Amino acid sequence: AALRRHRGSVSIPVVADPELIRRVRRIGIRTRRIVTENLAGTYNSAFRGRGMEFVEVREYQPGNDVRTIDWNVSSRSSRPDQPLFVKVFAEERELTVMLLADVSGSTAFGTGRRLKQDIVAELSALLAFAAVGNRDRVGLIRFSEEIDQYLPPRSGTTHVLRVVREILTSSAQRRGTDLAGVLSYLLRVQRKSAVVFLVSDLIGKDFERELKLVARRHDLTVFEIIDPAEDLFRAAGPVLFEDAETGERRLIDTASSKVRRLAAARREQQREQVRDLLARAGVKRVTIDVTQSYERPLLRYFRERAARIRQ
């Protein structure tokens with residue numbers, strides 16, 4: 001990628017890979033269509049602005065809510081007819097949305113048409129387009145066993161396409177997942193309250209403390225990306241397995257029913273621990289299966305959230 005300079009500043013890197021450009025465009029077209037057809041209004045209902053911002057004081061007019069009368073200003077009026085004045089408010093719409101995108105080694109797994117890392121990119125793009133469509137700003141923290149990249153919150157389609165490109169261009173190296181590290185980093189770079197989407201397969205340990213701190217300061221939702229094949233051990237005889245994040249290799253006799261049961265029980269225990277951890281922290285979890293469409297669970301999540309806000 002070449003860097004172009006304009007007036008002393010460095011512009012967005014220009015990527016020369018034609019295949020990458022095509023992938024970014026495909027994701028952009030697909031996700032913007034989903035947002036336009038299904039999610040635009042639902043997102044707006046589910047994620048409202050920070051509240052009502054005072055704009056001005058003006059004379060009372062028939063039909064105005066009497067609760068908005070500013071009695072202090074009205075009592076100071078020097079006009080002989082002694083008019084009443086009301087406060088005018090406007091919704092403070094703009095939100096800051098932070099995407100925490102997992103690009104660790106385990107996201108390079110997939111048994112269907114798409115890898116988990118493809119879903120991470122598409123889902124992040126969809127959430128970002130929904131946000132900028134409502135004039136919200138979007139930032140990105142791309143992480144694995146360390147913080148790979150931080151893009152400060154900005155608005156606009158060009159910025160969203162860069163977010164998608166940066167996720168897709170993550171290195172394919174074998175790397176672990178430091179969930180505690182990315183949550184701590186978020187707390188440092190995003191002081192004000194924000195809407196935070198953590199998009200990850202949640203293969204990480206010891207992040208409960210950081211999760212609770214983020215949940216107290218920010219509006220946090222976790223999208224857990226799963227592939228059902230990770231939980232299945234088919235009877236195929238001795239198989240050499242390699243951990244995508246640590247590189248550890250182990251020969252396992254999958255023909256043994258006992259081995260298959262133990263492996264399935266261990267995986268289920270890990271998932272249950274994560275579910276309990278999120279529940280204790282009061283964090284909403286949305287499960288996205290890479291072998292199925294993510295539109296339905298995402299739309300259901302938005303609608304349920306909007307319904308809670310109305311209630």
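These are my notebook entries on the helices, packing and a few odd backbone angles of one chain.

**Overview.** I'm working from a predicted model, so every value here is computed from it. I went through the secondary structure and found 8 helices and 12 strands in the chain. Next I looked up burial: 42% of the 311 residues are buried. I also checked how far along the sequence the contacts reach. Of the contacts with a separation of 6 or more, 74% are between residues 24 or more positions apart. For the surface, I have about 17400 Å² exposed, with carbon and sulfur atoms supplying 48% of it.

**Helix α7.** I wanted to see how the length of α7 fits its residue count. The helix runs over residues 257-281, 25 residues in all, and at 1.5 Å a residue it should span 36 Å. Its end C-alpha atoms are 36 Å apart, so expectation and model agree. Then I asked myself which residues of α7 are buried. I noted Arg267, Arg271, Val274, Leu277, Leu278 and Ala281, so two arginines are in the list. That spacing made me recall the helix rule: with 3.6 residues a turn, residues three or four places apart point the same way. What do the buried residues of α7 pack against? I found α6 (208-217), β9 (219-226) and β12 (284-289). Just after α7 comes Gly282, with a positive phi near 70°.

**α3 and α4.** I moved on to the pair α3 (residues 116-132) and α4 (residues 157-168). Their axes are 9 Å apart and the packing angle is about 165°. Anything over 145 degrees counts as roughly antiparallel, and therefore I logged α3 and α4 as roughly antiparallel to each other. The crossing of α3 past α4 is right-handed. On the α3 side the contact is made by Val120, Ala121, Ser124, Ala125, Ala128, Phe129 and Val132. From α4 I listed Thr157, Val160, Leu161, Val164, Ile167 and Leu168.

**α5 and α6.** Here the axes come within 9 Å and cross at roughly 35°. Is the crossing left-handed or right-handed? I have it as left-handed, α5 passing α6. In α5, the residues I wrote down are Ala180, Leu183, Ser184, Leu186 and Leu187. They meet Glu210, Leu211, Leu213, Val214 and Arg217 in α6.

**Leu186 up close.** I picked this one out of α5 (residues 179-189). Its relative accessibility is 0%, so Leu186 counts as buried, the cut-off being under 20%. Which residues touch Leu186, once neighbours within four places in sequence are set aside? My list reads Met98, Leu100, Ile141, Val196, Val214 and His218. Val214 is also among the α6 residues in the helix contact above. I looked at Leu140 too: 46 residues from Leu186 along the chain, with 9.9 Å between the two C-alpha atoms.

**Positive phi, not glycine.** Most residues other than glycine have a negative phi, so I chased up the exceptions I had marked. Arg135 has a positive phi of about 65°. I found Arg135 in the loop between α3 and β6 (137-143). With a relative accessible area of 57%, Arg135 is exposed. Asp206 has its phi near 55°, again positive. I placed Asp206 in the loop between β8 (195-200) and α6. Asp206 counts as exposed because its relative accessibility is 72%, and the cut-off is over 50%.

Key:
Residues numbered from 1 in each chain as written. Predicted model: local features only at pLDDT ≥ 70, side-chain atom pairs only at ≥ 80, totals over all residues. Heavy atoms only, no water. Helix = DSSP H or I, 4+ residues; strand = E, 2+ residues; numbered from the N terminus. Expected span 1.5 Å × (residues − 1). Buried < 20%, exposed > 50% of the residue type's maximum accessible area, 1.4 Å probe, protein only. Contact = heavy atoms within 4.5 Å. Areas by Shrake-Rupley, 256 points an atom, 1.4 Å probe, with all protein chains shown as cover. Axes fitted to C-alpha atoms, helices over the stretch in contact; angles between N-to-C directions. Parallel < 35°, antiparallel > 145°, perpendicular 65-115°, else oblique. Left-handed = near helix turned anticlockwise from the far one by under 90°.
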